[in-house]
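Q: I'd like a close look at one side chain in this model, please, and then a walk through a few other spots.

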Amino acid sequence: MEGPDGTDDGEGPRAASLVRVLAVDDESGFADAAASRLEARDDRTEVVAVEGAEAALDALSSASFDCVVSGYELAEADGVGLLETVRDRHGDVPFVLFTGSGSEAVASEAISAGVDEYVRRDEPADPYAQLASAVEGVVSQARGDRRLAAHLERTTDAFCQVDSEWRLTYLNERAARFLERDAETVLGERIWELFPEVVGTEAEAALREVAETGEASRLEHHVDRLGADLVVNAYPTAGGLALYFRDVTERRERERELRELSERLQLAVEGADVGVWDWNVRTDEVRFDDRWAAMLGHDTDEIDFDLSTWEDRVHPDDIGDAWDAIEAHFAGETDLYQCDFRMRTKSGDWKWIRDRGRVVERTDDGEPLRAVGIHIDVTEEKARQRDLERYRRIVDELPESVCIYDADGRIALANDHTGDVLEADPEALVGRESRLVDRIRAAGDGDRYDALVDGDRKSMTGTVEVDLPRQSGAIVDYGLTRLVIDGEFDGVVGISRDVTDERRRQRRLERTTARLEALFERSPDMIDIHDESGEIVDANRAMTEALSYDREELVGMDVWEVDAELEPEEGVRLWEDLEMDETVRLETTFARADGSTFPAEVHVRRIDVQGEDRFLASSRDISERRAYERRIERENERLDEFASIVSHDLRNPLNVLSGYLRLARETGTDSYFDRCERALDEMEGLIEDVLALARQGEAVGSFERVHLGELAARYGDDAFGSTDGEDPFGGDAGGGGAETAPIEVAVEADGEICADPGRVRQLFGNLFRNAAEHGGERVVVGDLSDGFYVADDGPGIDPDERDTVFESGYTTSETGTGFGLAIVQRIVEAHGWAVEVTAGERGGARFEFTGVDRPESSAEETEPPGAEETEPPADASGRSAEEAGSQD
């Protein structure tokens, strides 16, 4: 856009593309016509018309134009003269000669003067169209040349142009500085004259080849005059060559140094079995050698030469540390980059790699361009380090003091426990004399420590007293071993432990153990220890004696082999439910070695024996207690019977007595008193039977030889009763007030038995009286293979009632009390016999007594069953002295 003064006041894309043309001619109106015609063809063209050469030069001095269009014939000078003046004053402003008529001579003169375009007005075609095309062409080329010149001035390379005659036509500022010459002084000179040392070299041949073939080329050459290594890029142009050259002297020096370093490194790599990497930091291209790849199980053709090949294989936990080390080195904080990390191999395993490298090339600003380094497989080293650290930690965690002593007995190495014992830092102990070694040297004959150092002995152990910071006279157990590494003495390894408290506890434990062993062995109770599976692991003497096993037999047996009532599953479940130190009580039956059994009370307690579950069982034979309990039970049953008799059986005669006494008072009739006397006799007989029943349940006295035949024959002699009214068998001859017919006693027994004679007489008396009361006339006493029998000829006992005849109160007689046979049962039980009721040969009742002991020929007396129970002694009648006294 044109302003009032004809200058461009606009900005933006159009201002940048606006073409300003200066039109010059002497013909009136021609310049204006040319201006209007050019502007009409392109609105980006702006034309200023002037007349004459002087006016044109003034316009060029006052404003900037992209092109000058001039006629040939001008008043002050011709167009070629104006061209020369413009070139001299304003440089390379594009110049188009627009002539009214032309000739070859004019065209030649114009071209020689440097005109850019030549257009004739008398062309048959539209001359203004040709003029517009020429203006556009020269302006475009000029602008391109200016941009190229600006680019060449900004480029970091030195640049120059030579024509076909090898003369310099252009140098940028960097090239001039590099040549240390003013550009104006060298333009036009031939390069072979500037650099004569290039003549005849490969560099000259390469440049001439570019000029001849028109193909670009790159060459390197050392220029002695400049003392520099140059890299030259040569490009063919329309009028010669364009040469870009760069001083690479420093880079070549670094490359030579790097090459030498690489050669030395290569030698080191080949000898050290390491992998090499070469990293282009800008592009992240990394070259890995065969050893680098093989270290991870790869061939080089299996991996990409890229930074990700390394980065993707580093363990995720280690990659951060690796990058921190790299960045610290890039920043100049370290002279060398080094880091240990794990890398994944082709098989998926992890290897420890030590990565070392350094930056070998940086930019002028210090930014890293290239780094090289090596990989070393340190997997085995790391394993050794872990083992060493593990051993070190184990030694430090040991509850014993561990040291290495030198030949003089000074501490060379100490673990943490040693530091705790000596109240010092382990490192501070290094070099100090050992108290332990001093005490060992002072104890015994000769220096045993020196003998260990000299190799006369390999090791030694013992116990000494050492004064420690926390305790004087501490008892210390020690062991010393001569340490030899690679065949040479390397010190003495010492392991020591303060056992003062342990020794004291040991002495106390020994005393306690002795007492416990005495209690265990001498305890009257049976004691055994078994494990959770039921296997007996120990048993005391009382248990072995009670079960009739040797200790060796009993240990190893299962509990259920001894406990006859315990099932294995039940036992295991019982023990599993017990808490530690909990006790359970149970009663069971133990089996002896011979198969016999006895009742036992067992207390089982779960205990801990050195970290293992054990069960302590304390057992006791409760046979006597069980017998006592049975006796108490029987006595309680008798008391119940007595209460029943008193409450029921005595009530009837008392009522009878009371009734007849009342009638006797009211009527005064004496016969009622006879009735009362009979009721009293009945009550007396009942009371006597009850007392007899109570006495028969007591334990019998001493057993004697009893001849059954003689004892039974007495009955016949006494005619079943005496003149004084006493029953010779301990009963009442009155039998409750009723007359009892005499009975015949037949004796068919000829053997002897072991029994209490008084109680046997009572047994016979009750059986004989029972036969008489029920109508019997004859009683037979005979032998059985293991006892005897008593049979009568009475009515017998119904089979359905034979199980109840021995119950108290059972009777079928009108005059009987129902206690006779109950008394017989008590006497049988007291002797440990058995009695059974069957039918006699004559239809009567037959009582068979079995389990009766026969006396041996050498024994005069035999202890009865239950004789160990304390019972009052019986008199000759079978009553206890206590009872006899109460009835007198």
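Which backbone nitrogen does the side chain of His-831 reach, and at what distance?

A: Happy to help! This is a predicted model, in which local features need pLDDT of at least 70 and side-chain atom pairs count only at pLDDT 80 or more, while totals for chains, interfaces and linings use all residues. Residues are numbered from 1 along each chain as its sequence is written, and side-chain values use heavy atoms, with hydrogens and water left out.

The side chain of His-831 reaches the backbone nitrogen of Asp-756, at 3.1 Å. That is a polar contact, meaning a pair of N or O atoms within 3.5 Å; within protein, one must be able to donate a hydrogen and the other to accept it, and residues adjacent in sequence count only if both atoms are side-chain atoms. His-831 lies in helix H30, residues 820–831. Helices (H or I, at least four residues) and strands (E, at least two) are DSSP runs, numbered from the N terminus. With 3% relative accessibility, His-831 counts as buried (under 20% relative accessible area; exposed is over 50% and partly exposed in between, with a 1.4 Å probe and protein chains only).

Arg-20 makes polar contacts too. Arg-20 sits in strand S1, residues 19–24, and counts as buried at 10% relative accessibility. Its side chain joins that of Glu-46 in a polar contact of 2.9 Å, and the side chain of Arg-20 also reaches the backbone oxygen of Ser-64 at 2.4 Å.

Next comes a loop residue. Met-557 is placed between helix H22 (551–554) and helix H23 (559–562), and at 10% relative accessibility Met-557 counts as buried. Leaving aside residues up to four places away in sequence, Met-557 touches Gly-534, Glu-535, Ile-536, Tyr-549 and Val-562, where contact means heavy atoms within 4.5 Å. From Met-557 to His-530 there are 27 residues in sequence and 9.4 Å in space, C-alpha to C-alpha.

Finally, a helix pair. The axes of H3 (residues 53–62) and H4 (residues 79–90) come within 11 Å and cross at roughly 20°; axes are lines fitted to C-alpha atoms, for helices over the stretch in contact, and angles run from 0 to 180 degrees between N-to-C directions. That makes H3 roughly parallel to H4 (angles under 35 degrees; over 145 is roughly antiparallel, 65 to 115 roughly perpendicular and the rest oblique). On the H3 side, Ala-53, Ala-56, Leu-57, Leu-60 and Ser-61 meet Leu-82, Thr-85, Val-86, Arg-89 and His-90 of H4.
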